[in-house]
Amino acid sequence: MKIQTRTEGDCQIIAISGSADVNASAVLREALLGAIESGMTRLVCDLAETDFVGSDALGVLITAYLKANGRGGFVKLAGLQPHLTQVLETTRLNCLFDVYADVASAVASA
Amino acid sequence: MTANPPKTDDLGAWTERVLPTSLTEIRGTERDVLMRLRELAYDDDHLFAVRLALEEALVNAMKHGNHSDPTRSVRVSYRISPDRVEIRVVDEGPGFDPSQVPDPTADENLDKPCGRGIMLMRCYMDKVEFSPRGNEVFMVKCR
């Protein structure tokens, strides 16, 4: 898994490519929670190139969501591939997260 | 370990690995299983489902079963035919009662960071059975 970050408007885009499996969740945690700790609480996770997500990584996304919300920010998800969309629907996490077709839509909604 | 050695039948031979309790050990098993699924031309939906369920089962066994104790092992066995995949994961922990695991899709649990592994295994596999003690899970995915 690789993570690249960039800024669009007043949002921090966290682009996650590859597999967000259990061995990648520590890196994901550092990227998301590190951003929030440094004051960037308006986060958009670009999942267009993410081909796998396990429950450990889902837990990291939820933790980041709670921390960002607690500081007046957000964590939005964008560009999910069909398998990830299905995981979100299966877990009902699509009821927790705001999910967008692409990063541009997520940033525009912020 | 409580499971008897897997027996061979018309589904072919079992492959068995004994993994130390270390999450970094999971990828090798995942890679081997996925490679064999690809060789048999399973589609992407099956690959995703089996990978997800296998990872969740192994993570549960190491974290919750063996309590991340590096002196304990996890035994994973699998056999793959053109028609089905069978996976068995056994840990050395005391076991648990899966019926007591809260429903992670309930409104009050949606923002809990943990507790989705078993539900995902049940949703993505065709059959998921735990031993009475709860330290062993057997999963089947049909083509």
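## Two chains, starting from one helix

In helix 3 of chain A, which covers residues 82-91, the buried residues are A:Leu84, A:Val87, A:Leu88 and A:Thr91. Buried here is a neighbour count: 20 or more other C-beta atoms within 10 Å of the residue's own, with 12 or fewer counting as exposed, anything in between as partly exposed, and C-beta atoms placed from the backbone. Looking down the axis of helix 3 of chain A, these buried residues fit within an arc of 95°, so they line one face of the helix. The arc is taken over the directions from the helix axis to the C-beta atoms. The general background is that an α-helix has 3.6 residues a turn, so residues three or four places apart point the same way.

A quick word on what you're looking at. This is a predicted model, in which local features need pLDDT of at least 70 and side-chain atom pairs count only at pLDDT 80 or more, while totals for chains, interfaces and linings use all residues. Residues are numbered from 1 along each chain as its sequence is written, and chains are lettered from A and ligands numbered from 1 in the order in which they are written.

Back to helix 3 of chain A: its buried residues are covered by elements including strand 4 (50-53), helix 2 and strand 6 (98-100) of chain A. Helices and strands are DSSP runs numbered from the N terminus, with H or I and at least four residues for a helix, and E and at least two for a strand. Right after helix 3 of chain A comes A:Arg92. Its phi is near 65°, a positive value in a residue other than glycine. A:Arg92 sits in the loop between helix 3 and strand 6 of chain A, and it is partly exposed, with 17 other C-beta atoms within 10 Å.

Now zoom out to chain A as a whole. It has four helices and six strands, and from the N terminus on they run β-β-α-β-β-α-β-α-β-α. The radius of gyration of chain A is 12 Å, close to the 13 Å that the globule rule gives for 110 residues, so chain A is as compact as a globular protein of that length. That rule is 2.2 Å times the number of residues to the power 0.38, and the radius is taken over C-alpha atoms. Along the principal axes, the C-alpha atoms of chain A fill a box of roughly 30 × 25 × 25 Å. Of its 110 residues, 46% count as buried.

Among chain A contacts between residues at least 6 apart in sequence, 70% join residues at least 24 apart. A contact means that two C-beta atoms, placed from the backbone, lie within 7 Å. For a look at the two ends of the sequence, take A:Ala108 and A:Glu8: they are 100 residues apart along the chain, with their C-alpha atoms separated by 9.9 Å. A:Ala108 belongs to helix 4 (residues 103-109) of chain A and is exposed, with 12 other C-beta atoms within 10 Å.

Chain A also has a helix pair worth a look. The axes of helix 1 (residues 25-37) and helix 2 (residues 55-70) of chain A come within 9 Å and cross at roughly 5°. The two helices are therefore roughly parallel to each other, a label for angles under 35 degrees (over 145 is roughly antiparallel, 65 to 115 roughly perpendicular and the rest oblique). Among the residues making this contact are A:Leu28, A:Leu32 and A:Ile36 of helix 1 of chain A, and A:Val60, A:Ala64 and A:Ala68 of helix 2 of chain A.

Chain B has three helices and five strands, in the order β-α-α-β-β-α-β-β from the N terminus on. For its 143 residues a compact globule would have a radius of gyration near 15 Å, and chain B agrees, with 15 Å. Its C-alpha trace spans about 40 × 35 × 30 Å along the principal axes, and 36% of the residues of chain B count as buried. Chain B has a positive phi too: B:His67, not a glycine, has a phi of about 50°. B:His67 lies in the loop between helix 2 and strand 2 (73-80) of chain B and is partly exposed, with 13 other C-beta atoms within 10 Å.

Finally, where the chains meet, the contact takes 20 residues from chain B and 19 residues from chain A. On the chain B side, helix 1 (26-39), helix 2 (44-65) and helix 3 (117-124) are the elements that give two or more residues. Helix 2 of chain B supplies the largest share, six residues.

Key:
Axes fitted to C-alpha atoms, helices over the stretch in contact; angles between N-to-C directions.
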